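User: Please take a close look at a single residue and the sheet around it. I would like one connected account.

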Amino acid sequence: MARPHPLDRPVWQALTTRQAPLAIGNAAALRLSPDYGPFAAAADGSAESLAALAALLPAEGGLWLLEAGEMPAPPGTAITARAACHQMIAERVAPHVPATAFEPLGENDAAEMRALAALTRPGPFAGHTHRFGGFIGVRVAGRLVAMAGERMKPDGYAEVSGVCTHPDHRGRGHAAALMRAVMAGIAARGETPFLHVYASNGGAVALYETLGFAIRATLTKTVLVRA
């Protein structure tokens, strides 16, 4: 039997290794601190683990699961969304030659980052999402118009995430330039960049392929809420 790949369960792998300090839960199920995002995972499909996962559900809102298979809904929960997501990985990263001026983003930029994410909806972006680190951005006349950064970090890997561009500044290559820079930073640490994209988004998949990503697997995104 083939050994499971660590990225088959990226959330569980991240929350049980380098990002364990950001996890809430126990050995049966874990979720990210709500300030960082809604991602969660059960240790396995046992009744005990599913019950522990259900116990992590907030009173309002839901939890996002990202798994190689379809996790059943734990008792007392409901599935509000399911979607196929390609997991893409860049085994080789070309040397980065900056073509766009960018700057590191941090605590002082958090409000602008949240506003840009709220406008463009690149994925869950909570109050402390910027603290995952590795975020960089492009400013035009002092205004943040594009950004990209990192999210899940299982041992040996780092997820490129939070990639977005203000609608008024699209088509200028900002997203691709920022992604190349983030990828180069990940590779410089001896880690491998990866990302997730909805399988239905063919345009994004094609763009990521030009940056050196290739589809490794198709995972399932599931959103759970209280029933």
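**H86 and its sheet**

User: Where does H86 lie, and is H86 buried or exposed?

Analyst: The model is a predicted one. In it, H86 belongs to strand β5, which covers residues 77-89. With a relative accessible area of 15%, H86 is buried, because that value is under the 20% limit. Its side chain makes a polar contact with the side chain of T218, at 3.0 Å. T218 also appears among the residues in contact with H86 once neighbours within four places in sequence are left aside. The others in that list are L195, H196, V197, A199, V205, I215 and A217.

The sheet comes next. It is open, has 8 strands and shows mixed pairing, in the order β4-β11-β5-β10-β9-β8-β7-β6. In that order, β5 stands between β11 and β10. The edge strands, each pairing on one side only, are β4 (63-67) and β6 (103-104). At the β4 edge, 5 bridges connect β4 with β11 (residues 214-226), and the two strands run antiparallel. L66 has K221 in β11 as its bridge partner.

Two helices pack on this sheet. Helix α2 (residues 47-55) touches β4, β5 and β11, so the strand that holds H86 is among those in contact with α2. The direction of α2 makes about 65 degrees with that of β11. Helix α4 (residues 174-188) touches β7 (136-140), β8 (143-150), β9 (157-165) and β10 (192-198). The direction of α4 makes about 35 degrees with that of β8.

Technical notes: Residues numbered from 1 in each chain as written. Predicted model: local features only at pLDDT ≥ 70, side-chain atom pairs only at ≥ 80, totals over all residues. Heavy atoms only, no water. Helix = DSSP H or I, 4+ residues; strand = E, 2+ residues; numbered from the N terminus. Buried < 20%, exposed > 50% of the residue type's maximum accessible area, 1.4 Å probe, protein only. Polar contact = N/O pair within 3.5 Å; in protein donor to acceptor, adjacent residues only side chain to side chain. Contact = heavy atoms within 4.5 Å. Pairing = 2+ DSSP bridges. Axes fitted to C-alpha atoms, helices over the stretch in contact; angles between N-to-C directions.
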